[in-house]
Amino acid sequence: LSRVSATEGIVLLENKNNTLPLKKGEKVSVFGRIQREYYKSGTGSGGLVNVKYVTNVLDSLRECDGIEINEELAQIYEDWKKDHPFDYGKGWGQEPWCQEEMEIDVSVVENARKFGDKAIIVIGRTAGEDKDNSASEGSYLLTAKEEELIKKVSSVFEKTIVLLNVGAIIDMKWVEKYNISFKPYGKAREAAFTMSYVFESEKIV
C-alpha cells in the first residue's frame, strides 16, 4: 500500500529530450551524496520514528530490471563519505537542513558519460519541528557545490534528471538555467523504491 500510494503521488514536472522513462539496457550514472542517505522524514518527533528499513535511490535503481548503474561512480561517493559522514547534529531537532555535498571534478563527470548517456542528480533537504526554513544556502537555496554539480553534469550529459528528496519548499529558479528533466519526490520509507518504479514506467509520456 505504501508503494502504491507513493507511486501515485509522484509528479514529473518536465521531461526534456524524452529522458524518461528509463528503458531496459540503459546505463545510468547517479550523482549526489543523498543517493544512499535518503531522507525518510523530517527531524523532531517524526524523525524519531523507528522503522525496520528505509529504501534509498541507488539501491532501488539497482533493483530495476535491465538498468545498469555506474558502480565506479557509486564507489567514488562511498569512499568520499568515509571522511565525510552524515551529520546528525547534536540534540533534538538539530540535524542540519542539508548535508555536505562532494565537490566533483569535471573529469569524473566526463568519465561517467563514457559509461552511458543518462545521469541522475539527487538533492536532499530535511525539515522539522522547532526550526524554520531560511532564505540561505543549504536551506531554501541550493549550496554553491550543489549548483556547481548540476551545472557540470548537465553540461556533459545530454539527458540529466534532477531528483529532489525534500521535506519543505526550496527555490527553483535554477531549473531554467540548465538542460535537465526535473522530478520532485517526497518522503516515506518506500518512496525511493517507488521513484525507481516510476522512472521505468511506461506510463510516462
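These are my notebook entries on the cores, one helix and one strand residue of a predicted model.

**Entry 1, the largest nonpolar core.** I looked up which members of the largest nonpolar core touch the most other members, and among its 26 residues these are F31, I104, I121, V153, F157, L164 and W174. I then checked which elements give two or more residues to this core, and found α3 (71–81), α4 (106–115), β3 (118–125), α5 (144–156) and β4 (159–166). The most comes from α5, which gives 4 residues.

**Entry 2, the second core.** I also noted a second, separate core of 18 residues, which includes I34, V57, A74 and L163.

**Entry 3, helix α5.** I followed α5 along its 13 residues and found that it reaches 19 Å from its first C-alpha to its last, close to the 18 Å expected at 1.5 Å a residue. I listed the buried residues in this helix as E146, L149, I150, K152, V153, S154 and V156, and I recorded that the buried residues of α5 pack against β1 (27–31), α3, α4, β3 and β4.

**Entry 4, contacts of I121.** Leaving out residues up to four places away in sequence, I found that I121 touches F31, L149, I150, V153, T160, I161, V162 and L163. Of these partners, L149, I150 and V153 are among the buried residues of α5.

**Entry 5, V166.** I placed V166 in strand β4 and asked whether V166 is buried or exposed. V166 counts as buried because its relative accessibility is 17%, the cut-off being under 20%. I last looked at V166 and A127, which are 39 residues apart along the chain, and found their C-alpha atoms separated by 7.7 Å.

Terms used: Residues are numbered from 1 along each chain as its sequence is written. This is a predicted model: local features need pLDDT of at least 70, side-chain atom pairs count only at pLDDT 80 or more; totals for chains, interfaces and linings use all residues. Side-chain values use heavy atoms; hydrogens and water are left out. A nonpolar core is a set of buried Ala, Val, Leu, Ile, Met, Phe, Trp, Tyr and Cys residues joined through side-chain atoms within 4.5 Å. Buried means under 20% relative accessible area, exposed over 50%, partly exposed in between (1.4 Å probe, protein chains only). Contact means heavy atoms within 4.5 Å. The expected span of a helix is 1.5 Å times one less than its number of residues.
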